[in-house]
Amino acid sequence: MNNELNADLVLEGGGVKGIALAGAVSMLEERGYRFRRVAGTSAGSLVGSLVAAGISGGRLREMLQDLHLRDFRDPPFYARFGPVGACTAVLVHKGWCKGDRLRSWVAECLQEAGVRTFADLPLDDVDAAPELQDDPDRRFRFVAMVSDLSQGRLVKLPWEYRARFGVDPNETPVADAVRASSAIPFFFRPARCPDRVTGGQAWLVDGGMLSNFPISVFDRHDIEPRWPTIGIKLSGDPAAMRVNRIGGVVTLSRAMLSTMTGFYDRLQTCRPEVVARTIVVDTTGVNATDFGLSPADSLRLFENGRRAAALFLEGDERRPAWDFEAYKSRFRRSPSAAVN
């Protein structure tokens with residue numbers, strides 16, 4: 001396989017906007033790219049798990065078009081009766097919806113590709129870094145980013161399953177990691193695991209709480225990269241300024257949460273070396289929890305993803321066409337700054 005058309009892939013989270021990720025992936029695939037490792041947060045972990053399983057961009061489109069996103073809403077029966085029931089579910093279970101339907105859908109899609117546990121997603125790379133060769137818990141093609149509320153840190157699954165939770169990733173369903181990474185706070189119940197470090201319970205939620213776009217997850221610092229890491233981002237131009245409109249207590253709270261959860265990623269994505277390897281998809285007008293998304297809007301997101309990937313590869317008057325050799329020459333020639 002030609003290394004120039006190999007790539008590692010990092011997918012940003014964004015709830016239902018993740019349909020745009022599938023569009024971008026399908027265009028990259030049509031242009032000859034094959035994905036060695038895939039990492040993602042929330043919706044990025046959902047789409048990323050299917051890409052890592054070998055499901056084609058065309059099949060991804062079919063799966064997502066056939067999906068009724070509102071079916072992911074599975075609150076307990078009492079939570080369907082107005083705000084009081086919803087608030088009760090959040091107070092009792094720390095989330096409105098159970099998240100069982102989301103997990104089941106992911107598991108069924110993965111099963112179509114013959115994937116159930118992480119043992120079905122082995123990383124076959126004899127030239128990988130020594131730390132990969134020596135650590136069997138990192139020799140997998142997929143990584144889900146999860147926020148651990150118990151310790152206030154980002155957890156990479158399956159890399160930390162054994163050391164942190166005493167779980168063998170080879171026996172752990174991939175859908176469990178996706179479910180944890182997709183647990184939008186208060187919308188879905190947190191996932192919980194026994195924590196062998198603290199002796200208590202770890203509460204796991206949407207990885208976007210800490211890093212919605214973990215572009216550096218596969219970066220190395222000892223050799224020149226053999227192939228690129230390409231990021232796909234859903235939240236607008238990485239270099240653009242974000243403006244939070246504040247007019248009261250509710251909007252002030254949202255602005256505070258947005259600032260706390262997005263500051264690190266914005267620092268990262270403004271860097272020229274990150275902008276140069278990032279596909280930016282326009283998802284204007286779609287909210288992460290718009291589970292009643294119309295078929296027309298779903299198709300628009302998918303096509304926006306395809307156009308954004310084509311623009312990244314071909315370039316325009318604002319940015320040059322993607323050129324891995326030029327990227328390495330500018331950012332990655334020094335071993336101390338190498339990735340992959």
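How much accessible surface does the protein have, and what share of that surface belongs to carbon and sulfur atoms? The accessible surface comes to about 15600 Å². Carbon and sulfur atoms account for 54% of that area. These values come from a predicted model. Of the 340 residues in the protein, 52% are buried. The fold contains 12 helices and 10 strands. Contacts across the sequence are frequent: among contacts with a separation of 6 or more, 73% join residues 24 or more positions apart.

Confidence was examined next. The mean pLDDT of the protein is 83. A score of at least 70 is reached by 83% of the residues. Among the elements, helix α8 (residues 174–181) has the highest mean pLDDT, at 97. Helix α9 (residues 249–269) has the lowest, at 51. The pLDDT falls below 50 over residues 237–241. In the model, this stretch still has nine contacts beyond near neighbours in sequence.

The interior was then considered. The largest nonpolar core holds 77 residues. Leu 9, Leu 28, Trp 105 and Ile 232 touch the most other members of this core. Helix α1 (residues 19–30) is the main contributor, giving eight residues. A second core of 11 residues is separate. Val 143, Met 145, Phe 213 and Phe 218 are included in this second core.

Leu 9 illustrates how distant parts of the sequence meet. With residues up to four places away left out, Leu 9 touches Val 25, Leu 28, Phe 35, Arg 37, Val 38, Ala 39 and Val 51, among others. Contacts to later parts of the chain include Phe 218, Ile 230 and Ile 232. Leu 28 and Ile 232 thus appear both as contacts of Leu 9 and among the core residues that touch the most other members.

Helix α2 (residues 43–52) was inspected in detail. Is this helix enclosed by the rest of the structure or not, and how many of its residues are buried? Helix α2 is largely enclosed, because 10 of its 10 residues are buried. The buried set includes the glycines Gly 44 and Gly 48. Ala 43, Leu 46, Val 47, Leu 50, Val 51 and Ala 52 also belong to the set. So do the serines Ser 45 and Ser 49. Val 51 is also one of the residues touched by Leu 9. Gly 54 follows the helix, with a positive phi near 95°.

Ser 45 lies within helix α2. Its relative accessibility is 0%, so Ser 45 counts as buried. A polar contact, at 3.3 Å, links the side chain of Ser 45 to the side chain of Ser 181. Beyond four places in sequence, Ser 45 is in contact with Gly 40, Phe 142, Ala 144, Val 178, Ser 181 and Ser 182. Ser 181 is the last residue in the range of helix α8 (residues 174–181).

Cysteines were also checked. How many disulfides does a search of the whole structure find? The search finds zero. Cys 87 counts as partly exposed, because its relative accessibility is 45%. Cys 193 counts as buried, because its relative accessibility is 17%, under the 20% limit.

Asp 125 sits in the loop between α5 (100–112) and α6 (130–134). Despite this loop position, Asp 125 is buried, with a relative accessible area of 11%. Asp 125 and Arg 36 are 89 residues apart along the chain. Their C-alpha atoms are separated by 8.9 Å.

Several backbone features were noted. Most residues other than glycine have a negative phi, and most peptide bonds are trans. The bond joining Leu 157 and Pro 158 is a cis peptide bond, with omega about 20°. Pro 158 lies in the loop between β5 (153–157) and α7 (161–165). Lys 94 is not a glycine, yet its phi is positive, about 65°. Lys 94 is found in the loop between α4 (82–93) and β3 (95–97). With a relative accessible area of 38%, Lys 94 is partly exposed. Phe 186 also has a positive phi, near 70°. Phe 186 is placed in strand β6 (residues 186–188). Its relative accessible area is 58%, so Phe 186 is exposed.

How values were computed: Residues are numbered from 1 along each chain as its sequence is written. This is a predicted model: local features need pLDDT of at least 70, side-chain atom pairs count only at pLDDT 80 or more; totals for chains, interfaces and linings use all residues. Side-chain values use heavy atoms; hydrogens and water are left out. A nonpolar core is a set of buried Ala, Val, Leu, Ile, Met, Phe, Trp, Tyr and Cys residues joined through side-chain atoms within 4.5 Å. Buried means under 20% relative accessible area, exposed over 50%, partly exposed in between (1.4 Å probe, protein chains only). Helices (H or I, at least four residues) and strands (E, at least two) are DSSP runs, numbered from the N terminus. Contact means heavy atoms within 4.5 Å. pLDDT is the predictor's confidence in each residue, from 0 to 100. Accessible areas come from the Shrake-Rupley method with a 1.4 Å probe; for residues, only the protein chains shown count as cover. A polar contact is a pair of N or O atoms within 3.5 Å; within protein, one must be able to donate a hydrogen and the other to accept it, and residues adjacent in sequence count only if both atoms are side-chain atoms. A disulfide is a pair of cysteine sulfur atoms within 2.5 Å.
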